[in-house]
Every structure is written in C-alpha cells, then in structure tokens.
Amino acid sequence: MRQTRSFAVLFALSTFGLLGSGCESNATMAGDALCPGPGCPCTGARCDCRSESCNLDCADVETPTQTCALECEAGSDCTVTCGTECDIECEAGTVCDVSGASESDVRCVGATCDHVATTSADLSCSRGAQCTLTATSGADADCESGSLCEFVLGDDAEVDCDSQSQCTVTAGLDAEVECKRASCALTLGAGGRVLCGIEGDCEVVCEGACNVIVDRTATATLQCAGEAAARSITGSARCEA
C-alpha cells in the first residue's frame, strides 16, 4: 500500500511539473502587438515587449505617480511615443524608435536605436550599438564600447564618446564634448568646449568661439569660422568669436 501511494504522489508531482513548465514559456510571439496587450504585457506603467513588433504610446499606461517604461528584448522592433519622462531599454539585437517630449531616457545595448526628443533627452549607447539622437536642447548622450553614433543636438548638450566608438556630433550653443579612445567629428556652435582625451582622434569645426584641449596621446584638428581649412593642434587651442 505504501508503494502504491508513493507512486501516485510521484506521478502527480511529475504531471504538475510538466504542466507548469509549459506555462513558463517567454517565447516571442509572431506579429505586431499594442501595449498593453497580448505580446506586450504591462505591470502598471512598465511594459515588456515579447512580440516581433511592439507599439507603445505612454499616454495609455502612465499615471501621475508611475513613469512609462518598456523593455524591448528578444530581437523585437519597438516603437515608443513618450510624453514627459519615460524609461526605455533596448537589448541586443532589437530595433527601437523612440520619440519623446522631455526627459526621455533610452539605453541602447548592442541594439539599433533612433531617438528623437525635445528637451533633456538622455541616450546611452554601448556594446556595438548603432544610435542616432536628434534633440532640441539639454541632451545628454553617451557612446561607448565600439558603438556608432550620430547626434544632432541643440543648445547645452553634453556628449561622451569613448572606448573605440565613432561619433559624429552637430550641436548648438555651449556644448561640452569629451572624446577618449574614440574617433569624433564635431561641429559646434559658439561656446563649445572639447576635451580630446587619451588616444582620441578629433576633428573639430567651431562656428563661433570655442575651446579645445588635446591630450598628449591624442590627435586633433580645428577649423574656426571663416577659415578655409582645418589645422593640426596640440595642447590647447581656441577659436575667437
């Protein structure tokens, strides 16, 4: 009798285990998904794209106390429309298209990301990501770990480009750029400040007054407004208004 009961218990546990494992699958669903919905579940204002393609309008999930967020994973294509504040994470192999009004935060890790924003956009690109950012003012952009980045920014931008990345930056007034162990092509408005750091390769064009500091291990050229061609620089150099 004891052996019969033991066998019954083991059989029940095995059957439950098989059923349970079938319910835990996070396989990517085919087709397009709207968030929230099948293929893009949301907990509060935080959503997880598990479909081939997801479309999130933050106005559909955010609340006065919850910030819109999306994790784009498993090779998905994600399109996001942000209002004020959002937090978007794009994992390796995904494609993200994000438009935001203000304070949109995008982390692009080994993904392809296009971020269009107005004020205070934050974009971080790493691990060989391919990124573009177009922003009106107050942008903060990082490009590192062998990423390829193109930034078109307004006034008061801050850019860091390092670790074998390639950056093309066009910015307005009072931009600050640091280029270290990377290649940077920079076109800056008046008040621009550039640090071409350790092993940096910098091509700087200033459309007004600007300052450039070059590390002794870096190479740099500078072309000021009205000059016919760029010139090699070392140490520190500036363009006058």
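# A tour from C161 to E73

Select C161 and C167 first: the torsion about their S-S bond is about 95 degrees, so the disulfide is right-handed. The model is a predicted one. The two sulfur atoms of this disulfide, which joins C161 to C167, lie 2.0 Å apart. Color by accessibility, and both C161 and C167 come out as buried.

Next, show strand β14, residues 158-162, together with β16; the two run parallel and are joined by 5 bridges. Pick V159 in this view: its bridge partner in β16 is V177.

Stay on β16, residues 176-180, and display its side chains. Which of them point to the buried face? V177 and C179 do, while E176, E178 and K180 point to the other face and are not buried. The side chains thus alternate along the strand.

Now add strand β18, residues 192-196. β16 and β18 run parallel, with 4 bridges between them. Center on V177 again: in β18 it stands opposite V194, and in β14 it is the bridge partner of V159.

From V177 move along β16 to C179, which shares the buried face with V177. C179 forms a disulfide with C184, and their sulfur atoms are 2.1 Å apart. The torsion about this S-S bond is about 95 degrees, so the disulfide of C179 and C184 is right-handed. C184 is buried, as is C179.

Jump to C49 and C54 for another disulfide, with the sulfur atoms 2.0 Å apart. Its S-S torsion is about 85 degrees, so the disulfide of C49 and C54 is right-handed. Are these two cysteines buried or exposed? Both C49 and C54 are buried. To see the whole set, select every disulfide in the model; the count comes to 15.

Keep C49 on screen and select E73, which touches C49. E73 sits in the loop between β5 (68-72) and β6 (77-81). Leaving aside residues up to four places away in sequence, the contacts of E73 are D48, C49, R50, E91 and T94.

The last stop is the charge on E73. Where is the nearest side chain of opposite charge? R50 holds that place, 4.5 Å away. A salt bridge here requires a side-chain nitrogen of Lys or Arg within 4 Å of a carboxyl oxygen of Asp or Glu. E73 has no salt bridge, yet it is buried.

Methods. Residues are numbered from 1 along each chain as its sequence is written. This is a predicted model: local features need pLDDT of at least 70, side-chain atom pairs count only at pLDDT 80 or more; totals for chains, interfaces and linings use all residues. Side-chain values use heavy atoms; hydrogens and water are left out. Buried means under 20% relative accessible area, exposed over 50%, partly exposed in between (1.4 Å probe, protein chains only). Lys and Arg count as positive and Asp and Glu as negative; His and the chain ends are not counted. Contact means heavy atoms within 4.5 Å. A disulfide is a pair of cysteine sulfur atoms within 2.5 Å. Two strands pair if DSSP finds at least two bridges between them.
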